[in-house]
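Good morning, and thank you for coming. I would like to take you through one structure this morning, beginning with a single residue and widening the view from there.

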Amino acid sequence: MLKVLGITILLSLSAAVSATSVADSHTEMAGCESCHKDGTPSADMSYENETCIECHGAMNELEGDEHKQHDGIITCSDCHVVHETPSASESCANCHQP
């Protein structure tokens with residue numbers, strides 16, 4: 001319980017420091033095409049999640065226990081709501097109830 005709370009607080013603080021959405025920071029690199037095939041979102045987000053892995057690595061390769069613990073269970077877009085300002089606590093609360 002305390003570990004989840006600590007991770008949530010840490011992620012919330014890191015989100016506050018970088019108060020821009022993931023989409024905003026990635027769009028600066030190559031427009032919508034940096035994440036979406038032909039600039040258009042896929043229906044199931046599989047293309048976008050695969051693009052995340054191509055650039056950042058698989059969840060079991062990323063830093064942080066939260067990535068390794070969720071490997072094979074969820075996808076990048078389940079937590080990283082890319083077109084909104086990050087809020088890790090809301091993403092965690094979707095599955096983890098206090």
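Let us begin at His 36, which is found in the loop between helix 2 and helix 3. Please bear in mind that this is a predicted model. Is His 36 buried or exposed? His 36 counts as buried, because its relative accessibility is 10%, and the cut-off for that class is under 20%. Not counting residues up to four places away in sequence, His 36 touches Pro 41, Tyr 47, Glu 48 and His 83. With one of these, Glu 48, there is a polar contact: the two side chains are joined at 2.7 Å.

That loop holds further residues of interest. Asp 38 is also found between helix 2, residues 22-30, and helix 3. Although Asp 38 is not a glycine, its phi is positive, at about 60°. Asp 38 is exposed, because its relative accessible area is 65%, and exposed means over 50%. Met 45 has its place in the loop between helix 2 and helix 3 as well. Its phi is near 65°, again a positive value in a residue other than glycine. Met 45 counts as partly exposed, because its relative accessibility is 26%.

I now turn to helix 3. Which residues of helix 3 are buried? They are Glu 48, Asn 49 and Thr 51. Viewed down the axis of helix 3, these buried residues fall within an arc of 155°, so they line one face of the helix. As a general reminder, an α-helix has 3.6 residues a turn, so residues three or four places apart point the same way. What covers the buried residues of helix 3 includes helix 5, residues 76-79. Glu 48 thus appears in two parts of this account: as a buried residue of helix 3 and as the partner of His 36 in the polar contact.

Helix 3 is followed by Gly 57, which has a positive phi near 100°. Ala 58 lies in the loop between helix 3, residues 46-56, and helix 4, residues 65-70. Ala 58 counts as partly exposed, because its relative accessibility is 21%. Between Ala 58 and Asp 71 there are 8.1 Å in space, C-alpha to C-alpha, and the two are 13 residues apart in sequence.

For a bench audience, the cysteines deserve a word. How many disulfides does a search of the whole structure find? The search finds 0 disulfides. Cys 32 is in no disulfide, and the nearest cysteine sulfur, that of Cys 35, is 8.6 Å away. Cys 79 is likewise in no disulfide; here the nearest cysteine sulfur belongs to Cys 92, at 6.1 Å. The cut-off is that the two sulfur atoms lie within 2.5 Å. As to accessibility, Cys 32 counts as partly exposed because its value is 41%, and Cys 79 counts as partly exposed because its value is 33%. Cys 92, in helix 6, residues 88-93, counts as buried because its relative accessibility is 19%. The C-alpha atoms of Cys 92 and Asp 78 are separated by 9.5 Å, with their positions 14 residues apart along the chain.

Let us now step back to the whole protein. The protein has 6 helices and 0 strands, so that from the N terminus on, its elements run α-α-α-α-α-α. Of its 98 residues, 20% are buried. Among the contacts with a separation of 6 or more, 53% come from residues 24 or more positions apart. The accessible surface comes to about 7000 Å², and 60% of this belongs to carbon and sulfur atoms.

Finally, a word on confidence. The mean pLDDT of the protein is 78, and 76% of its residues reach 70 or more. Which elements have the lowest and the highest mean pLDDT? Helix 1, residues 2-17, has the lowest, at 45, and helix 3 has the highest, at 94. Over residues 4-17 the pLDDT is below 50, and beyond near neighbours in sequence this stretch has 8 contacts in the model. Where pLDDT is low, the predicted coordinates should not be read in detail.

To close, I return to the starting point: His 36 is a buried loop residue, and its side chain is joined by a polar contact to that of Glu 48. Thank you for your attention.

Conventions
Residues are numbered from 1 along each chain as its sequence is written. This is a predicted model: local features need pLDDT of at least 70, side-chain atom pairs count only at pLDDT 80 or more; totals for chains, interfaces and linings use all residues. Side-chain values use heavy atoms; hydrogens and water are left out. Helices (H or I, at least four residues) and strands (E, at least two) are DSSP runs, numbered from the N terminus. Buried means under 20% relative accessible area, exposed over 50%, partly exposed in between (1.4 Å probe, protein chains only). The arc is that of the directions from the helix axis to the C-beta atoms. Contact means heavy atoms within 4.5 Å. Accessible areas come from the Shrake-Rupley method with a 1.4 Å probe; for residues, only the protein chains shown count as cover. pLDDT is the predictor's confidence in each residue, from 0 to 100. A polar contact is a pair of N or O atoms within 3.5 Å; within protein, one must be able to donate a hydrogen and the other to accept it, and residues adjacent in sequence count only if both atoms are side-chain atoms.
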